[in-house]
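Welcome! Let's take a friendly walk through this structure, one stop at a time.

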Amino acid sequence: MGRTGVASASSGGGAGWPCGGGLNLGVKLNVLLLLSVVATNLVSLYHLSLRAATVPPPLLQQQQRDGDKDLVLIRQLDAIRAGVSQLNHLRSSSPPPPPPPAELVLYSRLAPVASACSAHPDLLHRYMSYTPFAPCPDDALSLAEPLLLRGCHPLPRRRCFSPTASASASKLLPTDPFAPLPDAAVRWPKEGKCKSFSCLPPSLGFDVARTEAARFLRARGPLDLTAPQLLRLASLSRAGPIRLGLDIGGGTGTLAARLKKLANATVLTTTMNLGAPYSEATAARGVVPLHVPLQQRFPVGDGTMDVVRAGHAVNRWIPEVALEFLWYDADRVLRPGGLLWVDHFWCRRSNLEGVYAAMLRRLGYKTIKWVAADKSVAGGGNSGKDEDYIEDNDSLVLLHDQIHDCDIILSQIGSILSGFQVHIGLISSEIRSLQEKSWDISLKLKNRKLVETKLAGFVEEIVAPPGLVNILINGEINDGYARSLEILSRKLKFVQDDPLINASQALNDIKQELERLRQKALSKISRHIMEIFFAMRKPGTNIQILQQNLLQKHRYLVLFLKEHGSETYGDLCASYVDTMNKVLSAYFHVYVEALERLKLDIGVLNDFSGHDTSIIDIIIRGREHLRNHGFMFSLGERANILKEIHQPGLVPHISQVNSRKYPYEVIFRSLQKLLMDTASSEYLFIESFFGEESLFYQVFEGPFAVIDQHLDITLPNCHDAVCLMLIICITRKHQLVMCDRRLPCLDNYFDKALMYLWPRFKVVFDMYLQSLYQCDAQTIWIDGTHPHHIARCYVEFTASLVQLNAECGDGQLDMNLERLQSAIDVLLIRLALTFTTTKLQHLFLLNNYDMAISVLKEAGDEAKKLQRYFEEKLETNMMAFVDDLLMEHFSDLLRFVRSHVSEDLVSYHEDTNIADVEPVVKNFAMKWRTALELMHNEVITSCSNLLSGMAILKAAMAQLLNDYNRLSECVKKITGASTLNRHMVSITSISYEIRKYSRTL
């Protein structure tokens, strides 16, 4: 299968470099070129010097714009000069190089060395002079690159560590090949001029973010072939997909990066670091560089590449024979049907068809695109500037003579400028002298202005204007008066703070006047505020309105008194404390008396079962209170007060009109709510107006005393434990309210109240327990197995405490609840022992335990622990009661079965005979239906809870069925017992009868 080719060429119209055989020029041409280069450099330099010296100042900007063009010209001349020097070196008649050192023989044995390396033993010797097992010398540009260009490829290996960039540079490598290259990715040579990519000319291909980003995407001339066009040509020519490629002299790998993004193709780029880090830049962009010279065989397998591009490095400067070898090596690596792209091949037009086109046609490729154009049309190259220099040699010599004359003239101008410079130096010294005098005058003026400013400020601070004096003495106390006080305060502080000002004579004349003005202001302010304080003592006065509307407006007056009249300020504070103490004490005293008339008495000494009083009266009164949810043992609706903690307090006269009474916890909450609201308002006012927290506690000494006196009288006579626990919960919730308000003024009061309430609660709680332990069971016993009302009272009491403990308890009730549980259990056992039979005892305990479980279920999840305790008690007594019930009606059956048959029906007594079992069987057959009816009626009438009765009856029936089944199995084992079969009742008949009672229940 043949290969296809894509080519573009440019010719220079006869003024370009020779297209081949550059080493065949004569010595005469070398000398001519050398002279032309030297003459051109001289002309350029003198031309620039002349323009810099002779161009007038208005044209200096034009000179700067032309400077860049001159620098480009100089770089081109340097390139020509380097080429000529190389030609002279190759054609020189210098003696042959010395033989290679002996060390190179050793290296050639250890590693392969190219044969061309022997032609340059001096460079090779310096390259191999290093310290093994240490960092390699930094000779990549000075030795490695020159050896590669001279055909010394591959280079011999060395046992040293090559210098690389810093490890942190790896984190800076871009993921986008067209992102700016990080300078840290390259180890820049110390002897080089550039230390960053921005220093390099953009035309070299290192401006990847801008210049290179547009390459191979947009065509700038007829010779350009874009990457999309290349892919389209490959598709149209049926060359197959482009997956692998080789870019010969591809610069910084722009084509490889572009095809990687467009077609995910892998393109290898041959690079040489000639004056710039091409290999490192290519690798930093994420494509593969091949560091090989063009005269070497490409290190790529045969027939593997989809496309091979010959870039700008492949041009007519390569000898024809070497170039033909390059084309055949490219043909070697191309796969059948691959593309050969000759991009921008520069040569003379005369040699294009005769030499280079014929060379490409000998490859036998099918041409799918061929474009040829002049350099000016193609937009690249230097249009044969080197040949122009040779043709204009005579003109350049003449120009050199003219430049020499200009140089003489410039020397004369330099002498004139030197004299002018001396004259300017004399003028400069005079200017410096005048400048120093100007600085002295400016400093004196600045000092005078500063003194004037300070004196003006001093006079203004100590002098009291007549208008200020008139306002302070005769004016009304309003906002304007406060502003005047602020001015007077500033003047007084100014006089007091600085001791130097106090010693001045000017201050002595005004100091007495300021003092008299201060005394007058203190007297007027104190008299005005005292009048407001006296107005607060009038009955029916709204104190908070006076505080907010009058006193708060005069906060600065109090601040002035505090700063400049401490004695007057102390008298003012004492007057306010005395006024508010009396007003608030009287207010709280009246409110407490009104609340006491609304109190509902719950919990007197006669309510305890251990005292000598009418038990019937206790029962009646207790049951009525239970229905009204106001009994001292139950919580009921009294718990709603904890949800109404933020509601306003009671209004006494409204409640008296409605003839309503309230439990004491409602009275206590209203009193404490009033205390919190009043204390909050007063604390905020004192903090804002006086700025002293201690005044609050002096003001509230009276109200605190009134409340303490009330509690001292009320709490010792309160025997309602539920009420006391509710009061404790209310106090804790009020603590949280004050914490939310962020007011610490009542912290001590709440702590003191709780310290008083807990001991009182424990005293009353102990009285409850003692009433249980000391009561006479015979006295309070009631003939009947239904739940006892005292047991119900204490279970209700327990449930109430459990709920309140969960609401706001702190662990102090846990042990007391265990004591209460034990006391109730003891009471029930004592009451049960008053019954004559064990069956009635167990029945009594069953009913009371069931009642306790029902009450505790209503208390919620908080009572789960106590509920489980009574459930275990209920289960134990239920089994005992079932056993007693069966023993009463089927005693002969139970005794026989338990004495002759094991429960697992495995072992039987061998001495059992028919005479022992016959009476049992006949007796059971005769009365079992009647006995079941009696058991059913007794359980239904005796159990207070129908569900509990059903459970008891089911357990009894199941136990009876089990015992009779054991009897039947025993009869089957007895010899001759078949005569009893007609008396045996079938299990099915018994089960059917039991199911009838289950449906009835």
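Is Asp963 buried or exposed? In this predicted model, Asp963 has a relative accessible area of 1%, and because anything under 20% counts as buried, Asp963 is buried. Its salt-bridge partner is Arg966, and the closest N and O atoms of the two are 3.4 Å apart. Arg966 is buried as well, with a relative accessible area of 4%. You can find both residues in helix H36 (residues 946-973), where they sit three residues apart, about one turn of the helix. Elsewhere, salt bridges that share partners tie Arg297, Asp302, Asp329 and Arg332 into one network.

Now look at another pair, Asp343 and Arg309, whose salt bridge has its closest N and O atoms 3.0 Å apart. This one links distant parts of the chain: Asp343 belongs to strand E6 (residues 334-347) and Arg309 to strand E5 (residues 305-310), with their positions 34 residues apart. Both Asp343 and Arg309 are buried. For a mixed case, turn to Arg210 and Asp207, bridged at 3.4 Å between the closest N and O atoms. Here Arg210 is exposed, at 66% relative accessibility, whereas Asp207 is buried, at 16%.

Next, the nonpolar interior. The largest nonpolar core has 165 residues, and Phe761 is among those with the most contacts inside it. Helix H24 (residues 664-689) supplies the largest share of this core, 13 residues. Apart from it lies another core of 29 residues, including Leu290 and Tyr356.

Finally, on the surface, Ile409, Ile413 and Leu417 form a nonpolar patch with about 270 Å² of accessible area together. Leu417 is part of helix H14 (residues 393-462).

Methods. Residues are numbered from 1 along each chain as its sequence is written. This is a predicted model: local features need pLDDT of at least 70, side-chain atom pairs count only at pLDDT 80 or more; totals for chains, interfaces and linings use all residues. Side-chain values use heavy atoms; hydrogens and water are left out. Patches are made of residues with over 30% relative accessible area and no salt bridge: like charges are joined within 9 Å, nonpolar side chains (Val, Leu, Ile, Met, Phe, Trp, Tyr) within 5 Å. Accessible areas come from the Shrake-Rupley method with a 1.4 Å probe; for residues, only the protein chains shown count as cover. A salt bridge is a side-chain nitrogen of Lys or Arg within 4 Å of a carboxyl oxygen of Asp or Glu. Helices (H or I, at least four residues) and strands (E, at least two) are DSSP runs, numbered from the N terminus. A nonpolar core is a set of buried Ala, Val, Leu, Ile, Met, Phe, Trp, Tyr and Cys residues joined through side-chain atoms within 4.5 Å. Buried means under 20% relative accessible area, exposed over 50%, partly exposed in between (1.4 Å probe, protein chains only).
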